[in-house]
Amino acid sequence: MDTQTLPDNVLTTQLKKVVNWARRSSLWPLPFATACCGIELMATASSRYDLARFGAEAMRFSPRQSDLMIVAGRVCIKMMPVLQHIYQQMTEPKWVISMGACASTGGVFDAYATIQGIDQFMPVDVYVPGCPPRPETLLEGIMAIQRIIDEEGLPPRGRRRPLQLAIEPTYVPSPQPVPLTVGGR
C-alpha cells in the first residue's frame, strides 16, 4: 500500500511501538522509601518538579497495580523478605529503581543489619546515585526507565535474574563480656 494515497487522518505504526509508548507514558510507581531518600522522593511529586509530566504521578501502594518499584533509602535485613514479597506480587513487566547510596551499596551503614545493595536480592534496572539524590536525579532515573521501555519493550521470558530468597546474615555475634557481679557474688 502506498502511504501517499492514504487520507490525512490515518496514522500507520507498529502495534509494539504503540504499546511501548503507552507503557512508558503511564508508569505507576510503588514507593518503598525510608529515611532521607523518602523525603526526596516525595519532593519529586511536588509541583516544583512535576512528576506528572512523565505520567508517573499516580503513586500506587498496591503491588498489583504498580509496574515500577522505587526503593529509596536503607533496607535492613528484616525488611528484605517483605520487599521481595512485594516485588513478587507486582505484575510483569516490572522495573526497579534503586535510589540513593543506601539502597544501592549500603551507604555509610556498613553493618550486619543493613543490606549492602538490594541488587543482591532482586534485579535492579536503574541506579540513582546520591546521598540523598536530588529530585532531578530521580527524574533522570525515570527517564532512563522510559528509554529502557522504548528500546527493549517487553522483557523476554527468562531474561531476568531470579530472586535469591535465602537471606543469611554474615554477622557472627561476639561472646558476651564477663557477667556483672553485684555485691561480690
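**Close-up 1. The salt bridge between glutamate 92 and lysine 94 in this predicted model.** Glutamate 92 and lysine 94 pair through their side chains, and the closest N and O atoms of this salt bridge lie 3.9 Å apart. The distance counts as a salt bridge because the cut-off for such a nitrogen and oxygen pair is 4 Å. The two partners differ in how they are covered: glutamate 92 is exposed, with a relative accessible area of 52%, whereas lysine 94 is buried, with a relative accessible area of 5%. In general terms, side chains of opposite charge can pair when their charged atoms come close. The structure as a whole holds 4 salt bridges, and two others are shown in the next views.

**Close-up 2. The salt bridge between arginine 134 and glutamate 136.** Here the side chains of arginine 134 and glutamate 136 meet, with a distance of 3.4 Å from N to O. Arginine 134 is partly exposed, its relative accessible area being 43%, and glutamate 136 is likewise partly exposed, with a value of 40%.

**Close-up 3. The salt bridge between arginine 147 and glutamate 140.** In this view the side chain of arginine 147 meets that of glutamate 140, and the distance from N to O is 3.1 Å. Arginine 147 counts as partly exposed at 40% relative accessibility, and glutamate 140 also counts as partly exposed, at 37%.

**Close-up 4. Cysteine 102 and the cysteine sulfur nearest to it.** A disulfide is a covalent bond between the sulfur atoms of two cysteines, and the structure holds 0 disulfides. Cysteine 102 is therefore a cysteine without such a bond: the nearest cysteine sulfur, which belongs to cysteine 131, is 5.4 Å away, while a disulfide requires the two sulfur atoms to be within 2.5 Å. Cysteine 102 is buried, with a relative accessible area of 10%, whereas cysteine 76, at 28% relative accessibility, counts as partly exposed.

**Close-up 5. A nonpolar surface patch made by Leu15, Val18 and Val19.** These three residues, Leu15, Val18 and Val19, together make a nonpolar patch on the surface, with an area of about 260 Å². One of them, valine 19, is found in helix H1, which covers residues 15-24. Valine 19 is partly exposed, with a relative accessible area of 32%, and this value qualifies the residue for a patch because patch residues need over 30% relative accessible area.

Notes: Residues are numbered from 1 along each chain as its sequence is written. This is a predicted model: local features need pLDDT of at least 70, side-chain atom pairs count only at pLDDT 80 or more; totals for chains, interfaces and linings use all residues. Side-chain values use heavy atoms; hydrogens and water are left out. Buried means under 20% relative accessible area, exposed over 50%, partly exposed in between (1.4 Å probe, protein chains only). Patches are made of residues with over 30% relative accessible area and no salt bridge: like charges are joined within 9 Å, nonpolar side chains (Val, Leu, Ile, Met, Phe, Trp, Tyr) within 5 Å. Accessible areas come from the Shrake-Rupley method with a 1.4 Å probe; for residues, only the protein chains shown count as cover. Helices (H or I, at least four residues) and strands (E, at least two) are DSSP runs, numbered from the N terminus.
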